[in-house]
Protein chains: 2
Amino acid sequence: MNYTSTFIPTLREVPADAVIASHRLMFRAGMIRKLANGLFAYLPLGLRSFRKVEQIAREEMDAIGALEIKPPVVQPGEIWKESGRWDAMGEAMLRARNRLENDFVITPTAEEAFTALVRDELSSYRQLPLVLYQINTKYRDEIRPRYGVMRGREFVMKDAYSYNCDEKSLDDSYQAMGRAYRRVFKRCGLTVIPVKADSGAMGGSGSEEFMVESEIGDNTLILCKKCGYAANVEKAGCSPDYTPGSPENTPPIEKIETPNVKTIDELCAFMKNSNAASEINTPVGSKQFIKTLIYRAVNVEMDLSSAPGCKNLERKKAAEGIKNGIEMYPEVFFAAAIRGDLDVNEAKLAALIKAAEINLAEDSDVIRLTGAPVGFAGPVGLSTLPVIADNTVTAMNDAVTGALAKDLHYNHVAYGRDFTGWISGDIRMVKAGDCCSNCGGELYEKKGNELGHIFKLGYKYTRSMNVSFLDENGKSVTPAMGSYGIGIDRTLASVIEEHYDDAGIIWPATVTPYHVIIVPIKYDGAVKAASDRLAADLEKAGIEVLLDDRNERPGVKFNDADLTGIPWRVVIGDKGLSLQPPMVEIKRRSEKENHMTELDKAAEELTLKIQEELAELNS
Amino acid sequence: MNYTSTFIPTLREVPADAVIASHRLMFRAGMIRKLANGLFAYLPLGLRSFRKVEQIAREEMDAIGALEIKPPVVQPGEIWKESGRWDAMGEAMLRARNRLENDFVITPTAEEAFTALVRDELSSYRQLPLVLYQINTKYRDEIRPRYGVMRGREFVMKDAYSYNCDEKSLDDSYQAMGRAYRRVFKRCGLTVIPVKADSGAMGGSGSEEFMVESEIGDNTLILCKKCGYAANVEKAGCSPDYTPGSPENTPPIEKIETPNVKTIDELCAFMKNSNAASEINTPVGSKQFIKTLIYRAVNVEMDLSSAPGCKNLERKKAAEGIKNGIEMYPEVFFAAAIRGDLDVNEAKLAALIKAAEINLAEDSDVIRLTGAPVGFAGPVGLSTLPVIADNTVTAMNDAVTGALAKDLHYNHVAYGRDFTGWISGDIRMVKAGDCCSNCGGELYEKKGNELGHIFKLGYKYTRSMNVSFLDENGKSVTPAMGSYGIGIDRTLASVIEEHYDDAGIIWPATVTPYHVIIVPIKYDGAVKAASDRLAADLEKAGIEVLLDDRNERPGVKFNDADLTGIPWRVVIGDKGLSLQPPMVEIKRRSEKENHMTELDKAAEELTLKIQEELAELNS
């Protein structure tokens, strides 16, 4: 392709809103343009790379037997009402209503559409497993779209859905998909961190996210320096940093006056300086306090009939289709007790009590439920609501905590002696410095962006949408389901984030828009003839060539070659051609040095090098 | 691909709503399924053919130097307000508003998006012509979607837009696109009728539609038996079937009483039987009457300052951006006079007076403007509104027409003597039996479906959206623009409409999902080995193979092979394989006879035949 026959509007200046490398470089290299906030157009150069990422995803899906289909982008609202997500998806889902008052959804994900299609076709176990996918437009109404195509509103997702006869088969599909995803990212030249993830609003259990490290990442990853353990902070665990004690030597619980003390820090300071402190065995620190937080939980599935303060709560059957009519408590308040130096991980807490959503309670609710001003909640004698005790709290045998009254705390509190949680479990937020639950190594944090996500949905959609098949014995069975997605735009942008320098992009051979850029010093006479011939020879060998036939200074052409990141550059000038044999200059974008090669051997040399790199990435 | 590894849910029964062959067969062959009214999912088999049609369109666009880009499907409402089409597009355009109260459009066409992109990048005449295209999802909210993907709500369109430095260059792009479109349809094995078209709501002039004949077509085509002239009835002309007369021998105009006569037929009957008839020179027929219809026109651009009854009308400047602020009359009434045996072509009439929209006036307006009950309008003495005279009327020199009063008509009316139209022109609806304006041959009608449409938009969008470039002299100039679209889904469905029989589809080699279907009588032992080897040999030669490895009766497999329409079928059984040399049966889907071929030569024979057909279609 000749440069003047295509459309690559490179820019010197950087758009003001482009703060990350991929956004900046995709703009400057003429790969994308913005049509509106979060809505981008791929220009010819960008589209070439984009299609290559799509194709890599397609090939890896086909390789594991997944079948491509093309459902509509605009979907009927009815199927979202059936699954219960019409309400659950909130305002991030763009809806439209037509003149006939039909509700439509601009699809953000397609569990419903695939399940509706499969439902009508599935009859026998012989059809399973069935793994279907699409590579198609999605829309999510990000409130603050930014970072270019890394977090746009419209994007293309490769989303796959597996329908399996049982959980064993689901696990097979899930594992195959995990391997395919690793290959997709490897082929794109990306270093991904597969992490255990909280499965969030998608429901179900068993999931893995494929993350790339990114300073603007919207996920926090917890990683082990020693064993390679990696998890999303929402789900990360750590090894216990406490030993279960016994309260044998703990003095009896006592109330202490703590005027005007509300926060843990204030309490530490107060106790250090007060008489009370002398009665505590160990030095006073936040680790010795029990922090108690009051949460409001929505749509709680856990059975609370025996829980404190919950006797009069009524369970309601969920709306038709939602969670298959399971009974839930629409609103419940809980107390979460945790060691004073730690934070509660709300995702873990919600999972533990099977709540759709949890939030810190309003002050007025805290006051009503604890009978005290905010800051004096504590688990001792708390009978108005269930106490969820973090595992750290169950090991505390001489603690300080709020006494459910203004300016009063309890001292010498021992778990099991002075109070017991209604239930206990791991609800702590793991952070850098904690110890790996796997090997005891030190954990550290990274910010990450999610490129892919695989998870076992189980029966969430197949039950709510009434999918069934006949098993070998003619019995009607509900299939298990998995859902698997890769963001194509985000993957492409991440390739640039990992492969660039000050001058521009440095494409891996698999996703570069062209393999070779030929830069004639002046596109004329013998130089033109040599350039045209080399381009033709390379193209004959299957190599994709951009020939910079512009009437521009060599410096401008070199800058654009670096900016657009094409991995191999060939410079052809009168000087080299006048040598015997005629020579051209070859430079690899990722290297500083160039070298001269015989014109007649350049095509062969380049083809070999490119095929080598392709083979290595695709291996 | 093995049949059991893909997903081709063929059906015996026909869906109740499938009335046309393509809809019926795409369903039965497991190519598509319906998700909701007008919203379809392509299943694996359908998607293969769909992608081939896309790829043919892509190759032909690339061949004429058009450049593929990918703008978003969800577009900002702002650009539609800028062009003026936010209002003009009506309810067929699906809109959505997000939580931030931003307006969005699910794009039905993309003049605005492409023009907005080009506007920001265009600076010099050196960048022109610039021809960009996309192959992407579109949505139009058909009130009554039907006929499967032939008239769905969501569909994929290949839409291209050219930006040209002047009208000569626009014509070059337009002609190149016309040639490319002919090639696209030829390669798909389609017989299209290119017709001159009214350019409708798109504005501009110079357009051609690519039609396929279809009994459910929503267009009427006027065709000449002799010279091949073809036009959309909305724009079709015909040769004059009248000779301009002179009123020399016409008796003076006179009023005649016509009690209770309102229609032309009643008038004919009345005049034949009345005394008045004796005073008419020629036999009375509807050809001797002047029919006068009152129309209400909206947003009329024509200058009416000298037109009867229009002196007090005020022109209003169109809203900012709409038609570049041109002054228009929001509402004007016109009288259209035409020979009594003819109908008015409203598209032609609207084009003649430059109206955005015209409709027959309400009865109350007719009574108010003509001063007579409905049925007595006539051009003689009509001073309250402008009279548009069809060319046929200008040749009438002894006619009968309404006299603007109840139960009164004029006799012996001569054009030019007794009245003159404010303007005259061709506003007649051409119909079968009229004579070709090109060669005088007899015209006939066909119903057609539009698959593609090319038109010169001129400056409509580039002006309203303020696009400009600097010409060779450094002067700022507005580029001319063309718009070119092909419906991919509709093209695919039309291929089936042209290529099927009672048993199923008969694919042309270019768009078939597979080239060869191998049907082992029983997929086992030697038959399995031979089938697998033949499939491998064919695939090595680039031939796409479906191997029916199902454990089904041969009859079921044969029926599905016919239904899915794969052009070549190879049947492999023990009987043939036991011969020396081993033989297989080859049958072409389009032919009745089959023949036996040596197993070892089957791959070569099939490859040759398929390459021949591909070469012929692609030539």
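Contact here means heavy atoms within 4.5 Å. With that in hand, on to the structure. This is a predicted model, in which local features need pLDDT of at least 70 and side-chain atom pairs count only at pLDDT 80 or more, while totals for chains, interfaces and linings use all residues. Residues are numbered from 1 along each chain as its sequence is written, chains are lettered from A and ligands numbered from 1 in the order in which they are written, and side-chain values use heavy atoms, with hydrogens and water left out.

Symmetry to begin. A turn of 180° and a shift of 0.1 Å along the axis lay chain A on chain B, with an RMSD of 0.2 Å. The superposition is by least squares on the C-alpha atoms of residues with pLDDT of at least 70 in both copies. The two copies are thus related as by a two-fold rotation axis. Which residue of chain A comes closest to that axis? Ala96(A), with its C-alpha at 2.4 Å.

Now the interface. In chain A, 56 residues are in contact with 55 residues of chain B. Of the interface residues of chain A, 98% are also interface residues in chain B, so the copies meet through the same surface. The two chains bury about 4800 Å² between them, and 67% of that is on carbon and sulfur atoms. Buried area is the accessible area (1.4 Å probe) that two parts lose on being put together, summed over both. Which three residues supply more than any other three on the chain A side? Leu35(A), Lys70(A) and Arg99(A), with 17% of the area that chain A buries against chain B.

Next, the polar side of that interface. The rule finds six salt bridges across it. A salt bridge is a side-chain nitrogen of Lys or Arg within 4 Å of a carboxyl oxygen of Asp or Glu. Arg33(B) pairs in this way with Glu121(A), their closest N and O atoms being 2.6 Å apart. Between the chains, 14 residue pairs are in polar contact, both residues at pLDDT 80 or more. A polar contact is a pair of N or O atoms within 3.5 Å; within protein, one must be able to donate a hydrogen and the other to accept it, and residues adjacent in sequence count only if both atoms are side-chain atoms.

What does the chain A side consist of? There are 35 nonpolar residues, seven polar and 14 charged. Ala, Val, Leu, Ile, Met, Phe, Trp, Tyr, Cys and Pro count as nonpolar, Asp, Glu, Lys and Arg as charged, and the others, Gly among them, as polar. Helix α2 of chain A (residues 44-63) gives the largest share of that side, five residues. Helices (H or I, at least four residues) and strands (E, at least two) are DSSP runs, numbered from the N terminus.

Over all chains, the salt-bridge count comes to 92. Take Arg58(A) and Glu68(A), which meet at 2.8 Å, N to O. Arg58(A) lies in helix α2 of chain A and Glu68(A) in strand β3 (residues 67-68), so the pair ties together parts that are 10 residues apart in sequence. Both Arg58(A) and Glu68(A) are buried. Buried means under 20% relative accessible area, exposed over 50%, partly exposed in between (1.4 Å probe, protein chains only).

Second pair: Arg119(A) and Glu82(A), with closest N and O atoms 2.5 Å apart. Arg119(A) sits in helix α5 (residues 111-121) and Glu82(A) in helix α3 (residues 77-83), 37 residues apart. Arg119(A) is partly exposed at 24% relative accessibility. Glu82(A) is partly exposed at 27%.

Third pair, in chain B: Glu60(B) and Arg183(B), at 3.0 Å between closest N and O atoms. Glu60(B) is in helix α2 and Arg183(B) in helix α6 (residues 167-187), 123 residues apart. Is each end buried or partly exposed? Glu60(B) is buried at 6%, and Arg183(B) is partly exposed at 30%.

Last, the backbone. Most residues other than glycine have a negative phi, and most peptide bonds are trans. The bond from Gln580(A) to Pro581(A) is cis, with omega near -10°. Pro581(A) is in the loop between α16 (574-577) and β31 (583-588). Leu128(B) to Pro129(B) is cis too, with omega near -5°. Asn466(A) has a positive phi, near 55°, and is exposed at 59%. Glu101(B) has phi near 65° and is exposed at 53%.
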